[in-house]
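Hello,

Here is the structure I promised to pass on. Please open it and keep it beside you while you read my notes below.

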Amino acid sequence: MIPALSIKFPAALLVLALAAPSARAAAWRFEGAGGSAHSFSTPLKIRQDGRPDISLRANYDTNAFGGDAPYYAWRVGRWTEEGGWEFEHLHTKLILANKPADVQKFEVASYNYLFLNRAFENEAMVTHFGIGPVLARPESVIRGRTYAGSALRLAGVGAQLAVGRRAKLAGGLTAVMETKLTYARTTVPVDGGTADAPHFAVHYVFGLSFGY
């Protein structure tokens, strides 16, 4: 069984991200962004009690600006001259586009990466390496059997590599443009079974950063 979780971000990750010691003065950055993602084709395997498995190469739509919530990301980081430690939350959606006959609907309407990042800056270029849990809220209709998730569930573990550029605006405000590669191995429930739904995507993110 996949445990349901309340919509609270793991406090331990935030503590680790912000508590890295340094003998030098630290700077703080708070960032918020929007954007979109392109999901690469990945294997999808659906298991349902008493029925044959459904296996296919899944193509997902993101619907970045529609649905209950648009695509978004935010993070908070503590920086020194050696680099930064960050906590990041990235929200996207997976909507199966190439549904076979037995799959009337397969969506993860809220697919959330929670990353602990190590980041490095070289002039205006910033690189982020992150790993952390994935929380998901799946919705599906498989062979006429409906599953409607009402809470986020721990679905697996994901990682990211992100490279971005920064352009100073005014005061402590900075514009951020970033490209990410993410990968996650995730399993979500369906009615009477589970679905293995790994996710591999490239993301294009634009936002603002405030530091002091």
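Arg-137 and Glu-139 are both buried. Keep in mind that this is a predicted model. The two side chains form a salt bridge, and the closest N and O atoms are 2.8 Å apart. The side chains of Arg-137 and Glu-139 also count as making a polar contact, at 2.8 Å.

Where is Arg-137? Look in strand β8, which covers residues 125–142. Its relative accessible area is 16%. Buried means under 20%, so Arg-137 falls in that class. Now look at what surrounds Arg-137, setting aside neighbours within four places in sequence. Its contacts include Asp-68, Glu-107, Val-108, Ala-109 and Ser-110. Gly-149, Ser-150, Ala-151 and Leu-152 are also in contact with Arg-137.

Next, the other salt bridges. How many are there in the whole structure? A search finds 15. Start with Arg-75 and Glu-178. Their closest N and O atoms are 2.6 Å apart. Arg-75 sits in strand β5 (residues 72–80), while Glu-178 sits in strand β11 (residues 173–190). The pair therefore ties together parts that are 103 residues apart in sequence. Are these two residues buried or exposed? Arg-75 is buried, at 6% relative accessible area. Glu-178 is buried too, at 5%.

Then find Arg-145 and Asp-191. Their side chains meet in a salt bridge of 2.7 Å, N to O. Arg-145 belongs to strand β9 (residues 145–148). Asp-191 is in the loop between β11 and β12 (193–196). So this pair ties together parts that are 46 residues apart in sequence. Arg-145 is partly exposed, with 32% relative accessibility. Asp-191 is partly exposed as well, at 27%.

Some salt bridges share partners. They join Arg-29, Glu-31, Arg-75, Glu-86, Glu-88, Glu-121, Arg-166, Glu-178 and Lys-180 into one network. You have already met Arg-75 and Glu-178 as a pair. Arg-29 has another role to check. It lies over the face of Trp-79, at 4.2 Å from the ring centre.

Now the rings. The structure holds 6 aromatic pairs. One of them is Phe-40 with Phe-200. Their ring centres are 4.8 Å apart, and their planes stand at 35 degrees. Why is the pair called tilted? Planes under 30 degrees apart count as stacked and over 60 as edge-to-face, so 35 degrees falls in the remaining class.

Where do these two rings come from? Phe-40 lies in the loop between β1 (27–39) and β2 (42–48). Phe-200 lies in strand β13 (residues 199–211). The pair therefore ties together parts that are 160 residues apart in sequence. Phe-40 is partly exposed, with a relative accessible area of 30%. Phe-200 is also partly exposed, at 33%.

Another aromatic pair is Tyr-111 with Tyr-113. This one is edge-to-face: 5.4 Å centre to centre, with 70 degrees between the planes. Tyr-111 counts as buried, at 0% relative accessibility. Tyr-113 is buried, also at 0%.

Last, go back to Phe-40 and Phe-200. Ring pairs link them with Tyr-183 into a cluster.

Best wishes

Definitions and conventions:
Residues are numbered from 1 along each chain as its sequence is written. This is a predicted model: local features need pLDDT of at least 70, side-chain atom pairs count only at pLDDT 80 or more; totals for chains, interfaces and linings use all residues. Side-chain values use heavy atoms; hydrogens and water are left out. Helices (H or I, at least four residues) and strands (E, at least two) are DSSP runs, numbered from the N terminus. Buried means under 20% relative accessible area, exposed over 50%, partly exposed in between (1.4 Å probe, protein chains only). A polar contact is a pair of N or O atoms within 3.5 Å; within protein, one must be able to donate a hydrogen and the other to accept it, and residues adjacent in sequence count only if both atoms are side-chain atoms. Contact means heavy atoms within 4.5 Å. Rings of Phe, Tyr and Trp (its six-membered ring) pair if their centres lie within 6.5 Å; planes under 30 degrees apart count as stacked, over 60 as edge-to-face and the rest as tilted. A charge sits over a ring if NZ of Lys or CZ of Arg is within 6 Å of the ring centre and within 35 degrees of the ring normal. A salt bridge is a side-chain nitrogen of Lys or Arg within 4 Å of a carboxyl oxygen of Asp or Glu.
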